[in-house]
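Colleague: Got a minute to go through this model with me? I'd like to hear how the pieces are put together.

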Amino acid sequence: MLLFFMVVGSVSGIGVNWGTQATHPLPPSTVVKLLRDNGFEKVKLFDADSRTLNALSGSGIQVMVGIPNDMLYSLANNVYAAEKWVEKNVSAHVSSNKVDIRYVAVGNEPFLSAYNGSFLGTTLPALKNVQAALIKAGLGNQVKVTVPLNADVYDSSTTLPSSGDFKPEIHDLMIEIVKFLSDNGAPFTINIYPFISLYQDPSFPVDYAFFDGYSSSINDNGKIYQNVFDANHDTLVWALQKNGYGNMSIIVGEIGWPTDGDVNANAKYAQKFNQGFISHISSGNGTPMRAGPVDAYFFSLIDEDAKSIQPGNFERHWGVFNYDGTPKYDLTLNSRRGLVAASNIRYLARQWCVMSSTVSLDNSEVALSVNYACSRADCTSLGYGTSCEKLDAYGNISYAFNSYYQENNQLASACKFPNLSVVTTTDPSVGDCKFKIMIRTESSSMNGSRGAPAKLTDMVVLMFMFLLTVL
């Protein structure tokens, strides 16, 4: 692969984002093997965890390490802090650990409206200090800085990409960032989510989100757009071109489709979108405004059951693979047909926590118990349009109980909702609605939730159960 500073050059294969916001993450060595077995040649991280980077040592996988938004202030205000960060998280791994680090992502979508401008004043200074630190470390040509941005930093005043420009409220800052990236031979990284377009706008045409052709294609001065990815991407191209940076390289930092948590989030659509995207960029045709290969990273590799669901319940279901490293659907990657599951995964006992069949739904403790379980575990597969929408009331309650039970590593006390729950060895899964069995991790070997000592976790759970009985 080549690092390219202009449009010319090529990047083979597609990368993937490796997020770690999971209650029971797979061991890093297992994930690296999963990446290699499935032909992923690039990986994008959201931090620079030493265990992750150590596992990537000698793998041949190109790496983009990340700096979380909450570190931007310190790095922006102290060049020494940036130097120490680069020394610890880049130099040490490149020089002696044989990790092929190509990029440092400074922040992650720092200009989202949800942050209320918190990072407007620190992103560019942090970017400059990290770049200076890389140069001082002798890595300025080998490792490039970038800022993964959400596509909401630009828009079009019409329905046409050619009307695209950076939004007025952030225009001047964006030009400063683009100029700095360009001056240092670094790429513009953008996250594009056709699913979000569909999720936020019920009238959005479903076919336009995919790559099978759209009957009402958009004609922009002879450039034909049949999918929203091309249109969104080229709106950015126009924004760059209008401001004097038409040849700047672009990385699609995140793109994908979730499989649960919304009526349009399912494995059928996810497979259709991701395979369509692979075919679309593998053709080498690029987009109407940008011919050639597209450098992109799927979002994401594995489901993350501890992610915030503030944007929507689908947030925990972006993975191409399930929490245990099993594929969700067929996908042909880099001429490899089908996906390879993670190997040597160990599970907890084959048992589930469900609602007792003798309990009445009118029991006053049911609602309180379900609320407790779902506030402390993952119930995002329940509800309209989800994989478990066909469950009856008992099934919904059982799913909530089991989610809490599994997340707490099958502690006996985690299935003692007062006179409501029992442990069963009969799989309660129904169709596409799977009642999970948690995998064994370091925390589960301690027999406590997320690494908590067993006695302490037992005490918390038992205290809750006691309170239910006396309320």
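What follows is a chat about helix packing, charged pairs, one strand residue and some backbone oddities.

Modeller: Before you start, this is a predicted model, where local features need pLDDT of at least 70, side-chain atom pairs count only at pLDDT 80 or more, and totals for chains, interfaces and linings use all residues. Residues are numbered from 1 along each chain as its sequence is written, and side-chain values use heavy atoms, with hydrogens and water left out.

Colleague: Fine. At what angle do the axes of helix 4 and helix 5 cross?

Modeller: Helices (H or I, at least four residues) and strands (E, at least two) are DSSP runs, numbered from the N terminus. Axes are lines fitted to C-alpha atoms, for helices over the stretch in contact, with angles from 0 to 180 degrees between N-to-C directions. Helix 4 covers residues 79-95 and helix 5 residues 123-136, and their axes come within 8 Å, crossing at roughly 55°.

Colleague: Is helix 4 parallel, perpendicular or oblique to helix 5?

Modeller: Angles under 35 degrees count as roughly parallel, over 145 as roughly antiparallel, 65 to 115 as roughly perpendicular and the rest as oblique. The axes cross at roughly 55°. That makes helix 4, relative to helix 5, oblique.

Colleague: Is that crossing left-handed or right-handed?

Modeller: The rule is that a crossing is left-handed if the near helix is turned anticlockwise from the far one by less than a right angle, and right-handed if clockwise. For helix 4 and helix 5 the crossing is right-handed.

Colleague: Which residues of helix 5 make the contact with helix 4?

Modeller: Contact means heavy atoms within 4.5 Å. Helix 4 brings Val 79, Ala 82, Glu 83, Val 86 and Val 90, and on the helix 5 side you have Asn 129, Val 130, Ala 133, Leu 134 and Lys 136.

Colleague: And how many nonpolar residues has the contact of helix 4 with helix 5?

Modeller: Ala, Val, Leu, Ile, Met, Phe, Trp, Tyr, Cys and Pro count as nonpolar, Asp, Glu, Lys and Arg as charged, and the others, Gly among them, as polar. By that scheme there are 2 charged residues, 1 polar and, for the class you asked about, 7 nonpolar.

Colleague: Now helix 10 and helix 11: which hand has their crossing?

Modeller: Their axes come within 9 Å and cross at roughly 45°, so the two are oblique to each other. Among the residues that meet are Tyr 372 and Cys 374 in helix 10 and Phe 401 and Tyr 404 in helix 11, and by class the contact has 9 nonpolar, 1 polar and 2 charged residues. Helix 10 passes helix 11 in a crossing that is left-handed.

Colleague: On to charges. How far apart in sequence are the parts tied together by Asp 303 and Lys 328?

Modeller: A salt bridge is a side-chain nitrogen of Lys or Arg within 4 Å of a carboxyl oxygen of Asp or Glu, and the structure holds 12 of them. Asp 303 and Lys 328 meet in one at 2.6 Å, N to O. Both sit in the loop between strand 13 (295-298) and strand 14 (332-333), so the parts this pair ties together are apart by 25 residues.

Colleague: Is Asp 378, the salt-bridge partner of Arg 316, buried or exposed?

Modeller: Buried means under 20% relative accessible area, exposed over 50%, partly exposed in between (1.4 Å probe, protein chains only). The closest N and O atoms of Asp 378 and Arg 316 are 3.1 Å apart, and the pair links places 62 residues apart. Arg 316 is buried at 14%. Asp 378 has 7% relative accessibility, so it counts as buried.

Colleague: What is the relative accessible area of Thr 189?

Modeller: Thr 189 belongs to strand 9 (residues 188-191). Leaving aside neighbours within four places in sequence, its contacts include Pro 148, Leu 149 and Ile 251. Thr 189 is buried, its relative accessible area being 0%.

Colleague: Any backbone quirks? Which residue follows Phe 299 across a cis peptide bond?

Modeller: Most residues other than glycine have a negative phi, and most peptide bonds are trans. Here the bond has omega near 0°, and the residue after Phe 299 is Ser 300.

Colleague: And what phi does Asn 116 have?

Modeller: Asn 116 lies in the loop between strand 4 (100-106) and helix 5. With a relative accessible area of 70%, Asn 116 is exposed. Although Asn 116 is not a glycine, its phi is positive, about 50°.
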